[in-house]
Amino acid sequence: MNKHELHGGARYVGGKVEKAVGDVAERRDWQGDGVLNQIAGGAENLLGRAQSVASDVAEMAPGEIDDARERIGDAVDHAGAAARHGTQLAGVTVRDHRATSLALVAALGGVALGWLLFARRD
């Protein structure tokens, strides 16, 4: 348990007491302050618990973290190789189908020219 868990829990309990006293005394300002302290205390307690869990995970699994980094690096290398292979295949396809590629470029150029000439500009 760390200081945020302890302080947040205490603030939450204090807020519950403050709200209860405000209910009995029919004081809206005490009720509001009590609810505010409950929310803030709960949030701080949650922060402390998250820090504790993160710390526990980091202590228990340093080898797992290194293994995950290595696997991510391998995946990036694999993706780069796949992209290079796809680029080579695209180059071969364009060379093998030169007439089709030129027709496609001409069609795209025509569409772009038509859009530039006849597009509505508001």
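# Notebook: a four-helix predicted model

I began with the rings, and a search of the whole structure for aromatic pairs returned zero. I note here that I am working from a predicted model. The search for charges over rings did give a result, since the charged end of Arg-27 sits over the ring of Trp-30, at 4.7 Å from the ring centre.

**Overall form**

I then looked up the secondary structure, which comes to four helices and zero strands, and read along the sequence this gives the pattern α-α-α-α. For the overall extent I took the box along the principal axes, and the C-alpha atoms fill roughly 85 × 55 × 15 Å. The radius of gyration of the protein is 32 Å, whereas a compact globule of 122 residues would have one near 14 Å. I also checked burial over the whole protein, and 11% of the 122 residues count as buried. Among the contacts between residues at least 6 apart in sequence, I find that 57% join residues at least 24 apart.

**Helix H1 and its packing**

How far apart should the ends of H1 be, given its 23 residues? At 1.5 Å a residue the span should be 33 Å, and the end C-alpha atoms of H1 are 32 Å apart, which agrees. Looking for covered positions in H1, which runs over residues 3-25, I found Glu-5, Gly-8, Gly-15 and Gly-22 to be buried. I asked which helix these buried residues of H1 pack against, and the partner is H2.

**The loop between H1 and H2**

I next went through the loop that joins these two helices, where both Glu-26 and Arg-27 are placed. Glu-26 drew my attention by its backbone, as its phi is positive, at about 55 degrees, although the residue is not a glycine. Is Glu-26 buried or exposed? Its relative accessibility is 69%, and Glu-26 therefore counts as exposed. Arg-27, the residue whose charged end lies over the ring of Trp-30, has a relative accessibility of 36% and so counts as partly exposed. I also took a distance from Arg-27 along the chain to Gln-38, and the two residues, 11 apart in sequence, are 17 Å apart from C-alpha to C-alpha.

**Three positions in H2**

Asn-45 lies in helix H2, which covers residues 28-60. Why does Asn-45 count as buried? The reason is its relative accessibility of 19%, because buried means under 20%. Leaving aside neighbours within four places in sequence, I list His-4, Glu-5, Gly-8 and Gly-9 as the contacts of Asn-45, and of these I had already noted Glu-5 and Gly-8 as buried in H1.

Ser-52 is also placed in H2, and with the same neighbours in sequence left aside, Ser-52 is in contact with Asn-2 and Glu-5. Glu-5 thus appears in my contact list for Asn-45 and again in the list for Ser-52. I then took the separation of Ser-52 from His-4, and although these positions lie 48 residues apart along the chain, their C-alpha atoms are separated by 9.7 Å.

Ala-54 is the third residue of H2 that I looked up, and with a relative accessible area of 47% it counts as partly exposed. From Ala-54 I went on to Asp-74, 20 residues apart in sequence, and found the two C-alpha atoms to be 25 Å apart.

**Helix H4 and the annotated span**

Last, I turned to H4, which takes in residues 98-118 and has 21 residues. From its first C-alpha to its last H4 reaches 30 Å, close to the 30 Å expected at 1.5 Å a residue. How many of the 21 residues of H4 are buried? The count is one, and I accordingly record H4 as hardly covered.

I compared this with the record, in which UniProt, in an unreviewed entry, places the feature "transmembrane region" at residues 99-118. In the model I find that span to be 100% helix and 0% strand, with its end C-alpha atoms lying 28 Å apart.

Key
Residues numbered from 1 in each chain as written. Predicted model: local features only at pLDDT ≥ 70, side-chain atom pairs only at ≥ 80, totals over all residues. Heavy atoms only, no water. UniProt positions renumbered as here; feature names shortened; annotations may be inferred. Phe/Tyr/Trp six-rings, centres within 6.5 Å; stacked < 30°, edge-to-face > 60°. Lys NZ or Arg CZ within 6 Å of the ring centre and 35° of its normal. Expected span 1.5 Å × (residues − 1). Buried < 20%, exposed > 50% of the residue type's maximum accessible area, 1.4 Å probe, protein only. Rg over C-alpha atoms; globule rule 2.2 N^0.38 Å. Contact = heavy atoms within 4.5 Å.
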